[in-house]
Amino acid sequence: MARPRKFDEGLAVEAAMRAFWADGYEATSTQELCAATGLGRSSIYNTFASKRDLFVKALAHYMEVRTTRLIDHLQDGEGTVRERLRAVMDWAAEPDGDDPSGCLVVNATVELGPHDPEIAERLERDRRRRFATLKAAIEGGMRDGEIDAAKDAGALAHFMISTISGIQVAARGGAGPDTLRSIADTAMLSL
């Protein structure tokens, strides 16, 4: 008879997510995952089957938390559409203090997207959710007269996604807060 688990799987996935976010998939060793989660190697493999399985769960958790935050903010957040879009840019330029640099989705897109069709499809579904939400917010700003209605809402949404990703890559590469904020400022001029 198998022994019952004595740990919270959700907390383990959160801890693994942060480890993968900080170091990437390939560079995060099983030993580092053990240290991050507080689990032994056998507990990790008995629960998650493989490092890749744990990564997929960690990536899904990241996308659910982060993309849901974006959607909730853009659909129901306070302020004008421009203010809500600015807040999204600020999240990229000035992330929460305890978060690793960059973005797990951006990192996974670069590291695994070209080589892993299943992960590429998960990333594409998440991108489509973010795109649809940004486009709808921009269209709302156009209806309200905050954003020039002559502009292409889809192109602006793609631009926002690319700029946010670029800010996160620049942050991961060591760009300072002033540089990141100036990128966000410049992007807001395009709206």
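## Arg18 and Asp99

In this predicted model, Arg18 has a relative accessibility of 24% and therefore counts as partly exposed. Its salt-bridge partner is Asp99, with the closest N and O atoms 2.9 Å apart. Asp99 is buried, at a relative accessible area of 11%. The limit for buried is under 20%, so Asp99 falls below the limit, whereas Arg18 falls in the range between buried and exposed.

Arg18 belongs to helix H1 (residues 9-23), while Asp99 sits in the loop between helix H5 (81-93) and helix H6 (104-111). The pair therefore ties together parts that are 81 residues apart in sequence.

## Salt bridges within helices

Side chains of opposite charge can pair when their charged atoms come close. Over the whole structure, a search finds 18 salt bridges. Two pairs that lie within a helix are described here.

In helix H9 (residues 177-188), Asp178 and Arg181 are three residues apart, which means a separation of about one helical turn. Their salt bridge has its closest N and O atoms 2.5 Å apart. Asp178 is exposed, with a relative accessible area of 59%; Arg181, at 28% relative accessibility, counts as partly exposed.

Helix H7 (residues 117-143) holds Glu124 and Arg128, which are four residues apart and so are also separated by about one helical turn. The side chains of Glu124 and Arg128 form a salt bridge, at 3.6 Å from N to O. Both residues count as partly exposed: Arg128 has 39% relative accessibility, and Glu124 has 27%.

## A network of shared partners

Which residues are joined into one network by salt bridges that share partners? The members are Glu121, Glu124, Arg125, Arg127 and Arg128. The Glu124 and Arg128 pair described above, with its N to O distance of 3.6 Å, thus has both of its residues in this network.

## Packing of H2 against H3

Helix H2 (residues 30-37) and helix H3 (residues 41-48) have axes that come within 9 Å and cross at roughly 95°. Because angles from 65 to 115 degrees count as roughly perpendicular, H2 is roughly perpendicular to H3.

On the H2 side, the contact is made by Thr30, Gln31, Leu33, Cys34 and Thr37. H3 contributes Arg41, Ile44 and Tyr45. By residue class, the contact of H2 with H3 divides into four nonpolar, three polar and one charged residue. Leu33, Cys34, Ile44 and Tyr45 are the nonpolar residues, Thr30, Gln31 and Thr37 are polar, and Arg41 is charged.

Definitions and conventions:
Residues are numbered from 1 along each chain as its sequence is written. This is a predicted model: local features need pLDDT of at least 70, side-chain atom pairs count only at pLDDT 80 or more; totals for chains, interfaces and linings use all residues. Side-chain values use heavy atoms; hydrogens and water are left out. Axes are lines fitted to C-alpha atoms, for helices over the stretch in contact, and angles run from 0 to 180 degrees between N-to-C directions. Angles under 35 degrees count as roughly parallel, over 145 as roughly antiparallel, 65 to 115 as roughly perpendicular and the rest as oblique. Contact means heavy atoms within 4.5 Å. A salt bridge is a side-chain nitrogen of Lys or Arg within 4 Å of a carboxyl oxygen of Asp or Glu. Buried means under 20% relative accessible area, exposed over 50%, partly exposed in between (1.4 Å probe, protein chains only).
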